[in-house]
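Please walk me through this protein, beginning with how its chain is laid out and ending with the surroundings of its ligand and a residue in one of its loops.

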Amino acid sequence: MKIRIVSGFLGAGKTTCICHMLENRQGLTGVLVNEFGDIGIDAELIQRGEAVDMVELPSGCICCTLRNDLVKAVGEIKKRLNPERLIIEPSGLAVPSGVLEALEPVKEKYGLEIEAIIGIVDADGFLPNIESGLFGDFYTDQLANSDIIMINKVDLVPPETLQKVEEEIRKYNQSAIIMHTVNCQTEIPEMEAHAGIDYLHLHFDHEFDSLAVTPAGVYRREAVEQILRDAGAGKYGQIYRAKGIFQTAAGYFNFDLVHGQVNFKPLKDGSENKFIFIGKDFDKKALEAELARAKA
Ligand SMILES: Nc1nc2c(ncn2[C@@H]2O[C@H](COP(=O)(O)OP(=O)(O)OP(=O)(O)O)[C@@H](O)[C@H]2O)c(=O)[nH]1
C-alpha cells in the first residue's frame with residue numbers, strides 16, 4: 001500500500017488537494033482524514049465515489065495524541081479495501097515526522113511503502129505566519145520533510161511575494177520539487193520513494209484551542225459572513241482558522257476562514273450544522289452568542 005501524506009498548515013489547501021487527487025485517481029484509494037477540532041468536516045466535503053474508502057479521525061493530532069488510532073485506522077483500511085494507495089491528511093497542526101514515526105512499527109506488517117510527503121503552503125498566509133513566529137516549528141517540520149512543496153493560492157499574491165515565499169522555503173528544504181498552484185490543480189509525479197525523514201524532535205505543544213459546535217437551526221448567510229469577517233479581523237481574539245457547514249433558507253453552505261479570507265460554497269446537501277474555530281485565547285462565549293443571533 002503506497003502512502004502519500006498531504007501536509008500543510010491550517011487552511012493551506014489539503015482537502016482541496018485530496019479532492020483533486022481523487023478525481024484523477026487510478027485504482028483503489030484509501031483516504032484518512034485527521035482534524036484538530038472535535039467534529040469532522042473534511043470527510044463530508046470529499047466526494048468519495050467508487051473504489052474509495054475513508055476513515056475520519058477528529059479530536060486531536062495523529063502525529064501525537066492519536067498515534068494509536070492512526071495505526072488502527074490504517075489497519076482497518078488495509079483489511080476493508082487493501083487499496084493501492086492510501087492518502088493521509090494530518091490536521092494542519094500535525095507534523096509529518098510524527099506521522100511517519102507512528103507508522104514505522106507497522107510498516108512491514110501492512111506492507112506500507114512511503115511514496116511521498118506533499119507539503120502545501122498558502123502563498124498568501126505563509127510569510128506573515130512565519131514572521132509572527134507562532135508557528136515556526138510546524139512549518140520547519142512540514143517543509144523540511146516534504147518531497148513536493150506545493151505553493152498554493154498563487155492567485156492571491158503578486159509575483160514578488162511568490163518569489164519571497166520560494167526563497168524562504170528553500171532555507172528549509174533545498175531538494176524538494178516546488179510547484180505553484182491554484183486550487184492545488186497539478187499532476188503529482190510518480191515518486192520512487194520518500195527521501196527519508198528528518199526527525200527534528202522539535203517541541204510541539206499544540207497549545208491551540210478550538211470551539212466545535214453543532215447547533216440545530218437555519219441561519220442567515222449574511223449574519224454568518226459578518227461573524228467570520230469579524231473573527232478574521234480579531235474581534236473575538238486570535239482565530240487562525242474557521243470552517244463549517246450550515247443550513248440557510250436557500251440550502252446548505254460550506255464556509256472557510258483562512259488568513260482573513262472568507263469563502264462560501266453551496267452544497268448539494270448537508271446532515272447538520274457544524275462550526276469549528278481554531279485559535280488561541282479567543283472568546284468562545286461571545287462567538288456562540290453571536291452564532292445564536294445569526295439564526296433566521
Ligand atoms: N483563492 C484560493 N483559494 C483556495 C485555493 N486553494 C484552496 N482555496 C480555498 O482555501 C480554503 C481552505 O482550503 P482547504 O482545502 O479546506 O484547506 P485545508 O488545508 O484542508 O484546511 P484544514 O484542514 O482546516 O487545515 C477553501 O475555502 C478553499 O476553497 C487557491 O489556490 N486559491
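The paragraphs below go from the domains to the sheet, the helices, the ligand and finally a single loop residue.

The coordinates are those of a predicted model, and the domain assignment of the protein gives domain 1, spanning residues 2-180, and domain 2, spanning residues 209-293. The centres of domain 1 and domain 2, taken over C-alpha atoms, are separated by 24 Å. Across the boundary, 13 residues of domain 1 are in contact with 15 residues of domain 2, and the side of domain 1 that touches domain 2 is made up of 5 nonpolar, 4 polar and 4 charged residues.

A good place to begin tracing the fold is the open sheet of 7 strands, in which the pairing is parallel and the order is β3-β2-β4-β1-β5-β6-β7. Its edges are formed by β3 (52-57) and β7 (177-180), each of which pairs on one side only, and neighbouring strands are turned by 20 degrees against each other on average, direction ignored. In general, the strands of a sheet pair through backbone hydrogen bonds, either parallel or antiparallel.

Strand β2 shows how this pairing works out on both of its sides. Towards β3, with which β2 runs parallel, there are 6 bridges, and Thr29 has Val52 as its bridge partner in β3. Towards β4, the pairing is again in the parallel sense, over 5 bridges, with Leu32 matched to Ile88 in β4. How many of the residues of β2 are buried? The count is 6 of its 6 residues, and both faces are covered, since Thr29, Val31 and Val33 on one side and Gly30, Leu32 and Asn34 on the other are all buried. Strand β4 (residues 85-89) also pairs with β1 (residues 2-8) in the parallel sense, over 4 bridges, and here Arg4 stands opposite Ile87 in β4.

Turning to the helices, α1 (residues 14-23) lies across β1, β2, β3, β4, β5 and β6, and runs at about 165 degrees to β4. Helix α6 (residues 136-144) has Phe138, Tyr139, Asp141, Gln142, Leu143 and Ala144 as its buried residues, and these pack against strands β1, β5 and β6 as well as helices α4 (96-103), α5 (126-132) and α7 (159-172).

The ligand is surrounded by 22 residues, of which the closest are Lys14, Thr15, Thr16, Gly92 and Asp256. The elements that give two or more residues to this shell are α1, β9 (238-248) and β10 (251-258), and the largest share, 3 residues, comes from α1. By class, the shell holds 6 nonpolar, 9 polar and 7 charged residues. Why can the ligand be said to lie between the two domains? Domain 1 and domain 2 both give residues to the shell around the ligand, and the ligand therefore lies between them.

The last stop is Asp283, which is found in the loop between β12 (274-280) and α9 (284-293). Is Asp283 buried or partly exposed? With 15 other C-beta atoms within 10 Å, Asp283 is partly exposed, because a residue counts as buried at 20 or more such atoms and as exposed at 12 or fewer. Leaving aside residues up to four places away in sequence, Asp283 touches Tyr236 and Gly237, whereas Asp283 and Ala249, which are 34 residues apart in sequence, are 28 Å apart in space, C-alpha to C-alpha.

Terms used:
Residues are numbered from 1 along each chain as its sequence is written. This is a predicted model: local features need pLDDT of at least 70, side-chain atom pairs count only at pLDDT 80 or more; totals for chains, interfaces and linings use all residues. Two strands pair if DSSP finds at least two bridges between them. Axes are lines fitted to C-alpha atoms, for helices over the stretch in contact, and angles run from 0 to 180 degrees between N-to-C directions. Two residues are in contact if their C-beta atoms, placed from the backbone, lie within 7 Å. A residue is near a molecule or strand if its C-beta atom, placed from the backbone, lies within 6 Å of it. Ala, Val, Leu, Ile, Met, Phe, Trp, Tyr, Cys and Pro count as nonpolar, Asp, Glu, Lys and Arg as charged, and the others, Gly among them, as polar. Domain bounds come from an automatic or database domain assignment.
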